[in-house]
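The exercises below are meant to be worked through with the sequence and the 3D view side by side. Each task is followed by a solution that proceeds step by step.

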Amino acid sequence: FTVTGDITKTVVATGAELIGYSGFSGSNYISRAVDADFHYGTDDWYYMVWYKRSDTSQLQCISSYAYNNSGSLSGEYINIYHQANGTIQCVAYSSANTFGYSRGSRDDDHWHHIAFVRRGSLLETYDDGELYFTDVVEGDGNFSNSNASIRIGETHNAANDPYSGSLALFKTGKKPPSADTIRKIYDDERKLFEKNVKCTLVGTQNSIVDACYDTGTDTIHVGTSAGRSDFRGLVRINNTTTALTASISASNGLIAEE
């Protein structure tokens with residue numbers, strides 16, 4: 001993904017480390033150019049994103065998959081957007097058939113998670129980790145468009161519908177997670193939207209020297225040249241600032257490193 005223009009990056013809560021993205025407009029958005037890897041066709045697929053909005057100024061696009069490069073709606077598309085009345089909606093279009101989902105009261109200035117899934121002959125929408133709506137795929141079920149690209153925070157067309165809120169942790173791909181895994185993704189990730197929650201490796205070094213999992217404490221220990229970061233789930237619960245140079249081992253809370 002690339003950034004066009006300037007995107008505002010702000011922590012999702014006071015003292016948190018996870019970043020949310022906002023400040024979208026017709027000239028400020030995140031996108032992926034036309035790429036056949038993301039033209040899913042008749043295969044299964046999923047889109048998911050965290051979003052937060054507090055106003056109802058107009059129809060706002062959250063994420064859009066298809067509108068052709070000339071800026072006109074053309075052919076198949078997959079779209080997640082916020083309506084002016086506060087409703088969040090998912091729409092997939094194929095063979096002149098439109099499938100949709102909507103849920104109201106999603107402009108409450110709180111972070112929410114939505115997942116839009118194509119699983120075989122079904123379209124599923126998950127709201128905050130729970131399966132909320134299911135529809136049957138009709139027509140040829142081909143959601144591929146050779147001119148399609150992905151945009152986050154803005155549509156491709158002349159309507160110019162930038163998202164007025166904040167977005168985080170967008171994901172898309174084939175082979176969608178199971179319903180239980182989508183629930184786990186929601187449960188694990190929602191902790192990152194709380195105040196003062198840490199989720200990064202300590203320091204600025206991304207290269208991992210060694211890592212291990214302590215089954216006794218359900219903790220992952222990750223060592224870099226900047227120190228050791230201890231994670232429970234996605235949350236960093238502790239860290240040191242002593243460089244790890246070779247290896248790390250942990251059992252029932254006892255940690256050895258060199």
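**Exercise 1. A network of charged side chains**

Which residues are linked in a network of salt bridges?

Solution. The model is a predicted one, in which local features need pLDDT of at least 70 and side-chain atom pairs count only at pLDDT 80 or more, whereas totals for chains, interfaces and linings use all residues. Residues are numbered from 1 along each chain as its sequence is written, and side-chain values use heavy atoms, with hydrogens and water left out.

Step 1. Apply the criterion: a salt bridge is a side-chain nitrogen of Lys or Arg within 4 Å of a carboxyl oxygen of Asp or Glu.

Step 2. Follow the links from residue to residue, and the network is found to join Glu130, Arg183, Asp187 and Arg190.

Step 3. Place the network in the wider tally, which by this rule comes to 14 salt bridges.

**Exercise 2. The salt bridges of Arg228**

Describe the salt bridges that Arg228 forms with Asp230 and with Glu257, and state how far each of these residues is covered.

Solution. Step 1. In the pair of Arg228 and Asp230, the closest N and O atoms are 2.9 Å apart, and both residues are buried (under 20% relative accessible area, with exposed meaning over 50% and partly exposed the range in between, for a 1.4 Å probe and protein chains only).

Step 2. In the pair of Glu257 and Arg228, the closest N and O atoms are 2.8 Å apart. This pair links distant parts of the chain, since Glu257 belongs to strand E20 (residues 254–257) and Arg228 to strand E17 (residues 227–232), 29 residues apart. Strands (E, at least two residues) and helices (H or I, at least four) are DSSP runs numbered from the N terminus.

Step 3. Compare the two classes: Arg228 counts as buried at 10% relative accessibility, while Glu257 counts as partly exposed at 30%.

Step 4. For a further pair, turn to Asp35 and Arg32, whose side chains meet in a salt bridge of 2.5 Å, N to O; here Asp35 is buried, with a relative accessible area of 15%, and Arg32 is partly exposed, with 31%.

**Exercise 3. The lining of the cavity**

Find the residues that line the largest cavity, and sort the lining by element and by class.

Solution. Step 1. Rolling a probe the size of a water molecule over the atoms shows where empty space is left. On a 1 Å grid over the protein atoms alone, a cavity is a set of points where a 1.4 Å probe fits but cannot get out, and its lining residues have an atom within 4 Å of a point. Grid points are joined across faces, edges and corners, and a volume is the space filled by probe spheres set on the points.

Step 2. The count comes to 1 cavity of 30 Å³ or more, and about 30 Å³ of space lies in the largest cavity.

Step 3. The lining consists of Phe99, Gly100, Tyr101, Phe116, Leu123, Glu124, Thr125, Phe133 and Asp135. Two or more of the lining residues come from each of strand E9 (97–103), strand E11 (122–127) and strand E12 (130–136).

Step 4. By class, the lining has 5 nonpolar residues (Ala, Val, Leu, Ile, Met, Phe, Trp, Tyr, Cys and Pro), 2 charged residues (Asp, Glu, Lys and Arg) and 2 polar residues (the others, Gly among them).

Step 5. Look at Thr125, which is found in strand E11 and is buried, with a relative accessible area of 1%. Leaving aside neighbours within four places in sequence, Thr125 is in contact (heavy atoms within 4.5 Å) with residues including Cys90, Tyr101, Phe116, Glu130 and Phe133.

**Exercise 4. Two loop residues with positive phi**

Where do Asp128 and Asp218 lie, and is each of them buried or partly exposed?

Solution. Step 1. Asp128, although not a glycine, has a positive phi of about 50°; its place is in the loop between E11 and E12, and at 14% relative accessibility Asp128 counts as buried.

Step 2. Asp218 has a phi near 55°, again a positive value in a residue other than glycine. The loop that holds Asp218 runs between strand E15 (210–214) and strand E16 (219–224), and at 41% relative accessibility Asp218 counts as partly exposed.

How values were computed
1 Å grid on protein atoms, 1.4 Å probe; cavity = no way out; pocket = protein on both sides within 12 Å on 5 of 7 lines; lining within 4 Å.
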